[in-house]
Amino acid sequence: MESIKSNIKRASVEMILLALLSKEDKYGYQMAQEMKALSEGKLTLLEGSMYPILYRLTDSGDIEAYEKQVGRRLTRVYYHLTDKGRGRMSELLLSFRDHVAVVERIVKECGIS
């Protein structure tokens with residue numbers, strides 16, 4: 001059961017990160033905390049797992065990274081969703097919804113509700 005849960009989470013993380021950035025630019029820790037809060041603690045993402053995904057999204061042009069000085073000494077890396085990333089997010093969401101609909105249809109046909 002844990003393996004299925006892990007695979008579902010992994011497949012959803014990219015879509016969730018893009019969705020979080022659709023509202024406003026954010027830095028990594030902020031996204032991890034917002035994901036945890038919005039999911040009522042059911043989805044957590046360690047920063048060490050999140051940054052490789054953010055780097056991949058940056059390399060593909062779905063998001064852009066920029067530095068912003070906060071206070072006198074602290075500099076944060078913020079991420080911005082690009083138009084290409086909005087398209088990618090829409091594709092991922094459509095694919096996710098199609099997958100869920102297929103699973104629900106099969107389960108229903110098997111008499112499970």
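Leucine 92 sits in helix H4. The model it belongs to is predicted. The protein has 113 residues, and 27% of them count as buried. Four helices and three strands make up its elements. This briefing starts with the overall build, then turns to the core, single residues and aromatic rings.

**Overall build**

- Read from the N terminus, the order of elements is α-β-α-α-β-β-α.
- Along the principal axes, the C-alpha atoms fill a box of roughly 60 × 30 × 20 Å.
- The protein exposes about 8200 Å². Carbon and sulfur atoms supply 55% of that area.
- Take the contacts between residues at least 6 apart in sequence. Of these, 49% join residues at least 24 apart.
- The protein carries 18 positive and 16 negative charges. The mean positions of the two sets are 5 Å apart.

**The nonpolar core**

- In soluble globular proteins, nonpolar side chains tend to be buried together.
- Here, the largest nonpolar core has 19 residues. Leu17, Leu18, Met31, Met50, Leu54 and Ile63 have the most contacts inside it.
- Five elements are listed as giving two or more residues to this core: helix H1 (2–23), helix H2 (28–38), helix H3 (47–59), strand S3 (74–81) and helix H4 (83–109).
- H1 gives the largest share, with six residues.
- Methionine 50 shows some of the links. Beyond its neighbours within four places in sequence, methionine 50 is in contact with Leu17, Gly28, Tyr29, Met31, Ala32 and Leu45.
- Leu17 and Met31 thus appear among the contacts of methionine 50, and both are also among the core residues with the most contacts.

**Leucine 92, in helix H4**

- Leucine 92 has a relative accessible area of 18%, so it is buried. The cut-off for buried is under 20%.
- Not counting residues up to four places away in sequence, leucine 92 touches Glu14, Met15 and Leu18.
- Leucine 92 and isoleucine 16 are 76 residues apart in sequence. Their C-alpha atoms are 9.7 Å apart in space.

**Lysine 84, in helix H4**

- Lysine 84 also has its place in helix H4.
- Its relative accessibility is 51%, so lysine 84 counts as exposed. The cut-off for exposed is over 50%.
- With neighbours within four places left aside, lysine 84 is in contact with Ser60, Gly61 and Asp62.
- Arginine 72 is 12 residues from lysine 84 along the chain. The C-alpha atoms of the two are separated by 34 Å.

**Glutamate 34, in helix H2**

- Glutamate 34 lies in helix H2.
- Glutamate 34 counts as buried because its relative accessibility is 16%.
- Its contacts, leaving aside neighbours within four places in sequence, are Leu20, Lys23 and Lys26.

**Aromatic rings**

- The structure holds three aromatic pairs.
- One is tyrosine 51 with tyrosine 55. Their ring centres are 6.1 Å apart and their planes stand at 35°, so the pair is tilted.
- These two tyrosines are four residues apart in helix H3, so about one helical turn separates them.
- Tyrosine 51 counts as partly exposed, at 22% relative accessibility. Tyrosine 55 is partly exposed too, at 47%.
- Another pair is tyrosine 66 with tyrosine 78. Their ring centres are 5.9 Å apart and their planes stand at 15°, so this pair is stacked.
- The stacked pair links distant parts of the chain, 12 residues apart. Tyrosine 66 is in strand S2 (residues 63–70), and tyrosine 78 is in strand S3.
- Tyrosine 66 has a relative accessible area of 32%, so it is partly exposed. Tyrosine 78 counts as buried, at 11% relative accessibility.
- Ring pairs link Tyr66 and Tyr78 with Tyr27 into a cluster.

Note on methods: Residues are numbered from 1 along each chain as its sequence is written. This is a predicted model: local features need pLDDT of at least 70, side-chain atom pairs count only at pLDDT 80 or more; totals for chains, interfaces and linings use all residues. Side-chain values use heavy atoms; hydrogens and water are left out. A nonpolar core is a set of buried Ala, Val, Leu, Ile, Met, Phe, Trp, Tyr and Cys residues joined through side-chain atoms within 4.5 Å. Buried means under 20% relative accessible area, exposed over 50%, partly exposed in between (1.4 Å probe, protein chains only). Contact means heavy atoms within 4.5 Å. Accessible areas come from the Shrake-Rupley method with a 1.4 Å probe; for residues, only the protein chains shown count as cover. Lys and Arg count as positive and Asp and Glu as negative; His and the chain ends are not counted. The place of a charge is taken as NZ of Lys, CZ of Arg, CG of Asp or CD of Glu. Rings of Phe, Tyr and Trp (its six-membered ring) pair if their centres lie within 6.5 Å; planes under 30 degrees apart count as stacked, over 60 as edge-to-face and the rest as tilted.
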